[in-house]
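Morning, everyone. Let me put the model up, and then we'll walk through it.

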Amino acid sequence: MIPTPPAGPAALMRDAAELNQKIASGIEKLARIRDEDVEIATTPKDEVFSIDKVTLYRYRPLAEQRIATPVLIVYSLIGRYTMTDLQEDRSLMRNLLSQGLDVWVVDWGNSSRADRYLTFDDYVLTYLDECVDAMRRETGAEKVNLLGICEGGVFTIAYAALMPQKVKNLVLTVTPLDFHADQADGKIEHGFLNVWTRSLSADDIDRMIEVWGVLPGEFTGAVFNMLTPIRSITKYNLDLLDVVDDEAKLLNFLRMEKWLADRPHHPGEAAKQWLKDLYQANKLIRNELELGGRNVDLKQVTMPVLNIFAEGDHIIPPATSCVLDGKIGTDDYTEMSLKSGHIGLFVSAKSQGIVSKGVVDFLAARDD
Amino acid sequence: MSEAPANPWEAFARQSRDMLESQAALTRSWLEGQSKLAEAMGEAQKQGAGSAEAMQDLWRSWFSLGSAFGQAMPGMADSGKVAGETLGRMMDPMSLMLVGGSQVGETIRRLTEGPRLADLGSIERRMGRLMEQWLAVQAAARAYEAVVAGAWGEATRRYGSEMAELQRRGTAPADAKAALKSWLDIANRTLLETHRSPKFLEAQGELLRKGMEFLLVEREVVEAMVEPAGLPTRSEIDEVHRSLQDLKRRVRTLEKSTPKVDGKPEKAAALAAKPARKPAVRKPSARKPRRKNGEAA
C-alpha cells in the first residue's frame, strides 16, 4: 500500500472547500472569456508579397528605424510564427520594433496533402529567396538580416551558405545543427525527439508520408507531448487550476493553447528531409546536405552569426545548437544562452526584452 | 440497331420462358453430372484399398493446388508485376475463352460492365488481407499498452518505496500537495526513462509500422472498389500533385531565365535597377500600408 501524508479531517475539508471555490471561479471566468480576448499575433503588419501559400509581411514601425538593414523572421514548418507575437507584453516582434528594427516575417501558410511534394529545396531556394528578393526590392537594401527559429534556423543557415551575397547578418535561435549531439549534456529530459527519430527506420518514415502525405500536426503534437509526459497530463487540471483565479495568467495560458492548437501539417517530402537527412543522417553539420543540386557548405556562411539557445530546451537540446564555432566561414561568431525553455525563450516573462536586446545590439554593431 | 418488336410484352415473356428452360436444362445436366460422379466414387470405394488411396491422392493434389494458388494470390494484387499478372491470367477462365473468341469484344464487355464475378474473389482476398493487417495492429497496440502499463506500475512501485523510506526517516511529505508533487516527479522520471527504453521504442515503432501497413492495404481495397466506377484514387491524386509541383518548378526556372526586352534575365534586371545599398530609414506611421491584413495572422 502507498503511504499517504497524515491530514486531519478539518484540514482535508478546508482543502476541498478551497479547491471547489477555485473550480467555481475558473468556470465562471472561462465562461466570460470571448474569442477576441485571446487573439494572438495582433501587432499591425501588411502583406507585401505572396507565392503559393507563403506570405511575406512587413510590420508597421513602432519607433524610428535605428537599424537600416531589414530583418526577416523565419519560423519553422512545425509550428506557426504567431508564437513570436503571442500578446502585447510577450512579443519578440514588438520588442524588436520598439527598438527601431524594420521587421518582416514569412508565414509558410497551412500545408495540406496537396503540398506533399514540397521539399526543403523549395522552401529555401524558392520561397525564402523570393521573400528576400521582395524585401530587397521594397527597401533598396542590397542584403537583409535573417533571424531563423528552430527549423527556420536550418532554413536560414542553409540559405546563408548558398546565397551569402544576400545575407548581411545571420541570427539563429533554438536551432538544431548537430542532430546527434543530443546526449552530450546527459539530461534525461533533453533530446527525446532525436532518440525517437533515430529509433525509426528510413522505411518507417517513407511509409508515414506515403500514407498521410504530410507529417500531420496532430502527430507532431502527440510526439511533443511525450517529451513532458506528466505536464501533458496535468496541464488541464492542476496547471489550469493554478492560474484560473488570475485573469492575466489565464489569458496567457489560453493564448498559448490557441497557438498550440494551430499546429500545421509539415509537407511530406520536406518532412522526409527533416527526419531522414537531418535527424537520422545528420547531414547539415557534416556539410553533406544538398539543396537544389548544391552542397550546403557551412564554410560559405561568411557573414556575422549570432547563435541564441535555451539552456532548458527539451526540444532542441543546447548541445545540438552551440556547435558552430570553427565550423563556419567567419570569426565573427557569438553565442548567447538564456535560462529558459524552447518556447519560453520567446514568451516567458523573464526572457522578454533579453532576446530582442541581444539581437538589436548585435545587428546595430554590424549595420554599416 | 435492331427493330423494336411489335408486341414488347409478348417478346419479354418469350425470352423469360426461354431463359428459364435453358436454366432448367443446365440444372438438370449439373445434377446428372453430380450423380454420375457420386456413382463413380462409390464404385472406386468398392474396388478396394488401391482405388481409395488413389482417390485420397487426388484430393490431396487438389488441396495442394488450392494452397499454391492461395499463396500466390497476394502477389497478384501487385500491379505491374509480370509474374503476378501472368498467374492472374492463368487462373482467369475468361482467358481460355479469349483464345478462340473476340478479344476486342471481351475488352468492351469488361469496360462497360465494370466488376465481374471473376473479380469478386480478388476483393475478398483484399478484404482478407485487410483483416489480417487490422489484427496485426490490434496485437501491436496490446503489446504497446503493456509496456506503458508496466511504466505506470513501476512508477507506483517507486513512489511506494520512496514514501516508505521517507516515513521511516521521519521526513514524509507534510501535506497532500507535497505528496502529489513527489508522485508527479517520480512518475515523470519513470515515464521519461521508459520512453527512451528499447522495449518502448520497439513497441511503439511496431504499432506505427502495423498501423501504416493497415492504412496502405485499406487504401488498396478502396481504390480497387472506386476505380471501376471512374472515381479518382488517392494514388492518382498524389500523382497529379507531384506533376503539378514539378511543373511549378519548371515554370519558375523558365521565368528566371527568360530574357526581357533588354536582353537581361527578368530577375537580374529587377535587381540591377535597385537603388543605393543603404535602405531608406522608416519612421512610425511614415509608410502607407499597401494592404492591411486585418491585424491578425
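Which helix of chain A holds Glu130(A)? Glu130(A) is found in α3 of chain A. A word on what you are looking at: this is a predicted model, where local features need pLDDT of at least 70, side-chain atom pairs count only at pLDDT 80 or more, and totals for chains, interfaces and linings use all residues. Residues are numbered from 1 along each chain as its sequence is written, with chains lettered from A and ligands numbered from 1 in the order in which they are written. Helices (H or I, at least four residues) and strands (E, at least two) are DSSP runs, numbered from the N terminus.

Back to Glu130(A). Buried or exposed? Neither: Glu130(A) is partly exposed, because 19 other C-beta atoms lie within 10 Å. The cut-offs are 20 or more for buried, 12 or fewer for exposed, and partly exposed in between, with C-beta atoms placed from the backbone. Glu151(A) is 21 residues from Glu130(A) in sequence, and 19 Å away in space, C-alpha to C-alpha.

Next, the sheet. It is open, with eight strands and mixed pairing. The order in chain A is β1-β2-β6-β3-β7-β8-β13-β14. Two strands pair if DSSP finds at least two bridges between them. β1 and β14 (333–338) of chain A are the edge strands, each pairing on one side only. From one strand to the next, the twist averages 20°.

Start at the β1 edge. β1(A) and β2(A), residues 54–59, run antiparallel, joined by six bridges. Glu47(A) stands opposite Tyr57(A) in β2(A). Two residues lie between the strands of this hairpin, and Asp52(A) takes a positive phi near 50° there.

Now the β14 edge. β13(A), residues 305–310, pairs with β14(A) in the parallel sense, over six bridges. Val305(A) has Tyr333(A) as its bridge partner in β14(A).

One helix on the sheet: α4(A), residues 151–162, lies across β3(A), β7(A) and β8(A). It runs at about 145° to β7(A). Axes are lines fitted to C-alpha atoms, for helices over the stretch in contact, and angles run from 0 to 180 degrees between N-to-C directions.

Last, the interface. 55 residues of chain A are in contact with 53 residues of chain B. Contact means C-beta atoms, placed from the backbone, within 7 Å. On the chain A side, β1, α3, α5, α6 and α8 each supply at least two residues. The largest share, five residues, comes from α6(A).

Terms used:
Two residues are in contact if their C-beta atoms, placed from the backbone, lie within 7 Å.
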